[in-house]
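Reader: I'd love a close look at one helix in this model and at whatever it touches, please. Start with the overall layout so that I can find my way, and then take me through the neighbourhood step by step.

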Amino acid sequence: LPDEVCELVRRSLAGEESAMTELVDRFRGQVFGLCYRMLGHRQDAEDVAQESLARALRSLATWDSHREFRPWLLAIAGNRCRSMLEARRRLPKPSCEVEDLPDARSLRAEGHLAEEVALALSRLRDEYRQAFVLFHEQELTYAEIAEVLECPVGTVKTWVHRARHELANHLRRRGIVGESSDAV
Amino acid sequence: MRCEDFESRLNEVLDNRSPLSSAPDVEDHVRQCGECRELARSYEAVLLGLRQGTPQGEPSWPSRQIVRQSRGPRVLRFTDRRPAVFALAIAASLLLVLGLSWTATHHERPNATGGAGKLVHNPPLKHVTPPPNTPAAGAHQPTVARLPSTDAGSIPPPSNVDGLMLSLPGTDWAQDLADGLQPVTQPTVGAISGFLNLWGVGDEGHRS
């Protein structure tokens, strides 16, 4: 697989459009998945994923072929997501905060565990969320995540552990655990 | 296993991407401790919810669109433009120096001795003497220029053109002298305007 990616990159750098398209086809789902988890909004995620992939194609020459391609690409996407989150924070907050969430029991009854986890994820610190999603959803190793986030492996582990802890606490506070654990 | 160590043990198992049920020590402890059982269940619920909520479906845009987008015009940052800015500044400085030196060598101002440079000299002014029969006051009197002389009672020689114009308003020879300076200034103006034209300043009207 890495050899195939290297070949695709080489052909893309030579200006072969079909190779670029194939490269995008191969990674667009993963990039979009990360953006969606980071931003929690489909349209924003599509925009940022698109922008990240275009940026990656433009910067292909800077990729070190001795390293994995996917962490490099996801690092670009992660940085774009964080920029978007920063921009969002600068915007004035809406007057009515969505604090009155639907009752957890009704969510449970409808099997909305995923929504609860998504909600809890959106409340995590950006670096916790990114590290957690990269580990559990994108299945990157800690070393690869450290490369993406440009920090030590130990720091990444701490962030993932804290993310798990906070997510689990959220579910317990919301009374989700009892029902969902039956399914587990 | 002690309860204080339970959470870190949970993290260890999950770091290896293994299910909690694969760790016998965790299973044993969960059977004995209700609080730790709830903690373990909440961890499992997080991962289950994450799997259930994995975004389904592909992004709506086609991959070709990304390829086209990546080939579009790139917005240059200042850091990208810096070499071009430096080159432009150096070229501008060089042209300025060349323009100024060309102006200085080809169009020198008259110096005190009046001999240097390619000046356009007016022909020397003629001595004009008034006609012998000066008409009476009120009659037509032709305008004549009088050269300054050192005779007592004549107009002292002006030190500059402005002084001359002020002291002798309306005299033709003073006007001629003032006009005589124009050829000196015209090439300078021409050089500057030519230099500006090189940079495309002022020729907007000629562009389509």
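**A buried helix and its surroundings**

Author: Happy to! Starting at the N terminus, the elements of chain A follow the order α-α-α-α-α-α-α-α-α-α. That gives chain A ten helices and zero strands. Please keep in mind that this is a predicted model. Of the 184 residues in chain A, 47% are buried.

The helix to look at is α7 of chain A, residues 126–136. Eleven of its eleven residues are buried, so α7(A) is largely enclosed by the rest of the structure. The buried residues include charged side chains such as A:Asp126, A:Glu127 and A:Arg129, along with A:Phe132, A:Val133, A:Leu134 and A:Phe135. At the ends of the helix sit A:Asp126 and A:His136, both of them buried.

Let's begin with A:Asp126. Its side chain meets that of A:Arg89 in a salt bridge, with 2.7 Å from N to O. This pair connects distant parts of the chain, since A:Arg89 belongs to helix α4 of chain A and A:Asp126 to helix α7 of chain A, 37 residues apart. The two partners differ in cover: A:Arg89 counts as partly exposed because its relative accessibility is 47%, whereas A:Asp126, at 9%, counts as buried. The contact is also part of a network, in which salt bridges with shared partners join A:Glu86, A:Arg89, A:Asp126 and A:Arg129.

Now move past the other end of α7(A), to A:Glu137. This residue forms a salt bridge with A:Arg37, at 3.0 Å from N to O. Here too the pair links distant parts of the chain: A:Arg37 is in helix α2 of chain A, A:Glu137 is in the loop between α7 and α8 (142–149) of chain A, and 100 residues separate them. Both partners count as buried, because the relative accessibility is 6% for A:Arg37 and 18% for A:Glu137, each under the 20% cut-off.

Following that loop leads to α8(A), which has a link of its own. A:Arg67 and A:Glu147 form a salt bridge whose closest N and O atoms are 3.9 Å apart, just inside the 4 Å limit. A:Arg67 lies in the loop between α3 and α4 of chain A and A:Glu147 in helix α8 of chain A, 80 residues apart. At a relative accessible area of 34%, A:Glu147 is partly exposed. For the wider picture, the count over all chains is 21 salt bridges.

Back at A:His136, α7(A) also meets chain B around a pocket. The second largest pocket holds about 360 Å³ of space. It is lined by 16 residues, and those closest to its centre are A:His136, B:Leu14, B:Arg17, B:Leu47 and B:Arg51. Two elements each give two or more residues to this lining, namely α7 of chain A and α3 (34–52) of chain B. The largest contribution comes from α3(B), with five residues.

The helices α2(A) and α4(A), already met as salt-bridge partners, turn up again around an enclosed space. The structure holds one cavity of 30 Å³ or more, and the largest cavity has a volume of about 50 Å³. Its lining consists of A:Leu23, A:Val24, A:Leu53, A:Ala56, A:Leu57, A:Phe69 and A:Leu73. Two or more of these come from each of α2 (17–39), α3 (42–58) and α4 (69–90) of chain A, with α3(A) giving the largest share, three residues.

One last check concerns the cysteines. The count of disulfides is zero over all chains. A:Cys81 has A:Cys35 as its nearest cysteine by sulfur position, 3.6 Å away, and a pair has to be within 2.5 Å to count. A:Cys81 is buried, at a relative accessible area of 0%. In chain B, the sulfur nearest to that of B:Cys36 belongs to B:Cys33, at 3.5 Å, and B:Cys36 is in no disulfide either. B:Cys36 is buried as well, with a relative accessible area of 5%.

Technical notes: Residues numbered from 1 in each chain as written. Chains lettered and ligands numbered in written order. Predicted model: local features only at pLDDT ≥ 70, side-chain atom pairs only at ≥ 80, totals over all residues. Heavy atoms only, no water. Buried < 20%, exposed > 50% of the residue type's maximum accessible area, 1.4 Å probe, protein only. Helix = DSSP H or I, 4+ residues; strand = E, 2+ residues; numbered from the N terminus. 1 Å grid on protein atoms, 1.4 Å probe; cavity = no way out; pocket = protein on both sides within 12 Å on 5 of 7 lines; lining within 4 Å. Points joined across faces, edges and corners; volume = space filled by probe spheres on them.
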